[in-house]
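Open the model in your viewer and keep the sequence panel visible. The tour makes three stops.

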Amino acid sequence: MLASEFWRLIKDSTPMIYASIVATLILIAVRIWAADAIMAELPAPLATVAVDSIGILLSLSVALFFDGLISTFYWKRYFRRRKGHKAPALVRDLVTFFLLAIGLSVGLYAEVGVAASGLAAASGAAAVVLGFALQTMILDLFSGLSINLDRSYAIGDWLTIHSQELGGTAYGQVEGISWRTTFLHLDDDRRLIVPNRLITSNPVTNHSRPAGPKRLSVEVSIDIRTPSDRAIGMLIGEAYKAVRAHGLSDSPPPTVIISRLEQDAVFYQARFYAYPDKIQPTTAQSIMLRALQDAIRQTGLPTPVLQVELSKPYEAPPIGAASTETRDTIARVPLFQQALTAEQIEDLAGRCAPADFPAGHTLINQGEVGASMFVILEGAAAVVVVGTAGVEHEVNRLATGDIVGEMSLMTGAARNATVRALTPLRVLEIRKEAIEGLLAASPELLGLFSHVLATRQNQLTEVSNRPAKLKTAEVDLLARMRAFFARNFGAEGAADA
């Protein structure tokens, strides 16, 4: 039983075992039966060297046989099964080296009578000289051994090496680890060859361990006269929206903090998380900076100016009143921008006011009949659709400047999604009653509203490659809107629609 199992393992072992067995048998045969013939045929000094060399080669062949056994049964079977990964190449090479050194020592002692201690003593002076000459290389070799033993990083990991010899820091992905060097693939597609001694003697950040997203940050500056809670509310909304991009992570959620103050500026730091193996840090930071730039541009947040005396002072609207903010927000809504005059926008702004909601508040419930729309002023909200199995799916995120509920406001249509606050949320709600006040004074606006909505619906239909009929859609929308606002036009107008 044991013999058959051993023979099965031998058959499954590497070619090196077979080669060493064959070499050992040949060398034993030559050493036993051909030694006398060699001594007789060759001159005495050369014959002695030849016979001794056969014995030394025999000892090395036996050492290679044992190295093959260790490689097959320990490194490739036991070690990999127990540790879950291959044994470090450097460690395996060292074991092979020591086995060959033992085989050479045994062969020299058996054939020539030279002990390993004698060789070590004889070569001591040379070793000292070589040690001084090759001290950098030796340090790299032992550093490589240390790296392989403690497995602080492996091929595929993303590292930042902090070293003045590398110009400060070097960031890249590990492509290979040799006895002397580690190969990094940099984010600009260059290859950096780093001596192992620099890695073991300097701080190294391994971004791949533990697994999961890692935090990044970007910074923007805003005029110091802007209330910080307003600025944070607008920026955090865009941050929540931006982390839906590929390679970024929405868990943990992004945050915005004040990082520092200067005479004319407040610096806000947006912190977010990204997967280092999916996206380059610079690319992730660019995505976030573009999102924050859009928020600053759309909301008109003032950036710091160097010559304050030449700039117009910024007056932040007081929280709660915000009449100017309300008017400007309504003027940016496409539905009203294309249909209302400045006086009508002013009239509508007087009928609306901003509202604040805590994180987690449900702004809109899917399936409910709606009679209002919302414009996001600060914060972020998730658009969620409930599937047939009752499972919620997030399909979009809203942030500063985004609009939801136009169709429900104008037609009373049921909500087709749920909108839930991800952060403290500030919105402008425009209700049906406010539109009714406009229509009472200007009934012709209903036709303008239906035209604008039909045009937008037509554009979306064209994007989805479905046939679109603008006039038909406009007539249908006008009929639904007349029915919804029937009391403004009387029973006759509703019947005509």
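What follows is a set of selections to make, each with a note on what is there.

The model is a predicted one.

**Stop 1: a surface patch**

Select residues 15–33, which make up helix α2 and include Leu25. Now show the side chains of Leu25, Ile28, Ile32 and Trp33: together they form a nonpolar patch on the surface. The accessible area of these four residues adds up to about 470 Å². Is Leu25 buried or exposed? Leu25 has a relative accessible area of 55%, so it counts as exposed, the cut-off being over 50%.

**Stop 2: Asn206 and its contacts**

Move to strand β5, residues 204–206, where you will find Asn206. Its relative accessibility is 15%; Asn206 is classed as buried because that value is under 20%. Which residues does Asn206 touch, leaving aside those up to four places away in sequence? Select Ser152, Tyr153, Asp157, Trp158 and Leu159 to display them. With Asp157, the polar contact runs from side chain to side chain, at 3.2 Å. Add Ser208 to the view as well: the Asn206 side chain reaches the backbone nitrogen of Ser208 at 3.0 Å.

**Stop 3: a hairpin**

Select residues 381–386 (strand β13) and 392–398 (strand β14); the two strands run antiparallel and are joined by six bridges. To see one pairing, pick Val386, whose bridge partner in β14 is Glu392. Five residues lie between the strands of this hairpin. Finish in the turn at Gly390, where phi is positive, at about 80°.

Terms used: Residues numbered from 1 in each chain as written. Predicted model: local features only at pLDDT ≥ 70, side-chain atom pairs only at ≥ 80, totals over all residues. Heavy atoms only, no water. Patch = residues over 30% accessible without salt bridge, like charges linked within 9 Å, V, L, I, M, F, W, Y side chains within 5 Å. Areas by Shrake-Rupley, 256 points an atom, 1.4 Å probe, with all protein chains shown as cover. Helix = DSSP H or I, 4+ residues; strand = E, 2+ residues; numbered from the N terminus. Buried < 20%, exposed > 50% of the residue type's maximum accessible area, 1.4 Å probe, protein only. Polar contact = N/O pair within 3.5 Å; in protein donor to acceptor, adjacent residues only side chain to side chain. Contact = heavy atoms within 4.5 Å. Pairing = 2+ DSSP bridges.
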